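Subject: Structure handover

Hello,

Here is the structure I promised to pass on. Please open it alongside this email.

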Amino acid sequence: MGSALMVEEACLAPGIDSRAPKVCFFEDCNKDSVPLVGGKCASLGELINAGVRVPPGFALTTAGYGQFMRDAGIQDDVNGLLQGLDHDDMDKLETASRTIRDMIESRPISIELEDLIAEAYRKLSVRCYLPAVPVAVRSSATAEDLPGASFAGQQDTYLWIRGIDDVMHHVRKCISSLYTARAIAYRIRMGFPHEQVAISVGVQKMANAYTAGVMFTLHPSTGDRSVIVIDSNFGFGESVVSGEVTPDNFVVNKVTLDIIDRTISTKTVCYTADLKLQRSVAMEVPVERQNIQSILDDEITELAWMAKKIEKHYGRPMDIEWAIDKNLPAGGNVFILQARPETIWSNRQKAPATTGATSAMDYIVSNLLVGKRLA
């Protein structure tokens, strides 16, 4: 029995314990759970335990991913296809990616794993008082949403998935998205061994968003940490994240929470739920709404307050996705969907506060700037 377990664990990526839970709810995770549930789900668990309003959900863990790959019996084939690839050869990367993703998506999920996912989905539906609750199925890689890396957006997310059969199908698609051409190329470029990166899949209650978007706890164009910048559009946040529209933009003073700048854009497209088809669809924003502000000022203030709380908790600038649920009353309808460390400005070296003095006046001013008392 012991030798069988050793062989079983040797087939998994380093850091994956086959004895770990295959499925767990977000509230059972925290920032130290990255090896088990990946960066995205670990962050959601951390936020929930910090008292931030986050839609509930659960994760297929990296142990569940390891079991799926082991049951599928394709890990050696995957490793072989990844051997010798160059991060600049997009043709070969795309070919390898398509082959690997087809292999993964064609394999069935074992009855044991399927039962665990189905039971967690049933419990989530009961908790939300909604049969076959609509969910977002999100990938959560172990090298994703980490300080110093920019893996965000390289794996797939699927919105408004409803019913256990659809959930299972999109879980497989999220697993296969660990091997998109972009993700493979980035790992090669950054020196991350493929076999050391695993994936978890988050299944999160869908916020039926009237408005959604992203916000940063610094200015993404200048790095100014005295402001919070919020982008918004009607419907789900997919149109903002993907860059399909120019969103409304708001700059908020981080201390007073006053809106110090606003830009209302012409928003022609949004994503929303088609309740007949039970899926997320792109639709044209009615002409009379295209130039209307997509979020209320009170909601901007609440978002900025939540952003400050999240930044304080993590101790660093953050990149946050949010949504405002149209089915819930004001005061309880603003949700955080994701929060990850901001990596562009945070990784830049800070410029010195002063440069060498070249004159007597420069000397006096430079010393005053750094608070040095002049004799």
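Below is what was found, part by part.

**Confidence**

Please note that this is a predicted model. The protein averages a pLDDT of 88. At least 70 is the score of 85% of the residues. Two stretches fall below 50. Residues 1-12 have a pLDDT below 50, and this stretch has 11 contacts beyond near neighbours in sequence. Residues 351-355 also stay under 50. For them the model has 3 contacts beyond four places in sequence.

**The sheet of 6 strands**

One open sheet has 6 strands. Their order is S9-S8-S7-S6-S12-S13. The pairing is antiparallel. At the edges are strand S9 (259-263) and strand S13 (334-341), and each pairs on one side only. From one strand to the next, the twist averages 20 degrees.

Look at S6 and S12 in detail. Strand S6 covers residues 209-216 and strand S12 covers residues 318-325. They are joined by 7 bridges, in the antiparallel sense. Ala209 has Asp325 in S12 as its bridge partner.

A helix lies across this sheet. Helix H10 (residues 297-314) crosses S6, S7, S8, S9, S12 and S13. H10 runs at about 140 degrees to S12.

**The sheet of 5 strands**

Another open sheet has 5 strands, in the order S1-S2-S5-S3-S4. Here too the pairing is antiparallel. Strand S1 (23-25) and strand S4 (157-161) are at the edges. Each has a single partner strand, so one side of each has no neighbour in the sheet. Neighbouring strands are turned by 20 degrees against each other on average, direction ignored.

Strand S3 (residues 135-141) pairs with S4 over 3 bridges, in the antiparallel sense. Arg138 stands opposite Thr157 in S4.

Helix H2 (residues 34-49) packs on this sheet. H2 touches S1, S2, S3, S4 and S5. Its direction makes about 125 degrees with that of S3.

**A helix pair**

How do H4 and H5 pack, and at what angle? Helix H4 (residues 75-82) and helix H5 (residues 90-106) pack at about 170 degrees, with their axes 10 Å apart. That angle makes H4 roughly antiparallel to H5.

Which residues meet there? From H4 come Asp77, Val78, Leu81 and Leu82. From H5 come Ala96, Thr99, Ile100 and Met103. By class, the contact has 6 nonpolar, 1 polar and 1 charged residues.

Best wishes

Definitions and conventions:
Residues numbered from 1 in each chain as written. Predicted model: local features only at pLDDT ≥ 70, side-chain atom pairs only at ≥ 80, totals over all residues. Heavy atoms only, no water. Pairing = 2+ DSSP bridges. Helix = DSSP H or I, 4+ residues; strand = E, 2+ residues; numbered from the N terminus. Axes fitted to C-alpha atoms, helices over the stretch in contact; angles between N-to-C directions. Contact = heavy atoms within 4.5 Å. pLDDT = per-residue confidence, 0-100. Parallel < 35°, antiparallel > 145°, perpendicular 65-115°, else oblique. Nonpolar A, V, L, I, M, F, W, Y, C, P; charged D, E, K, R; others polar.
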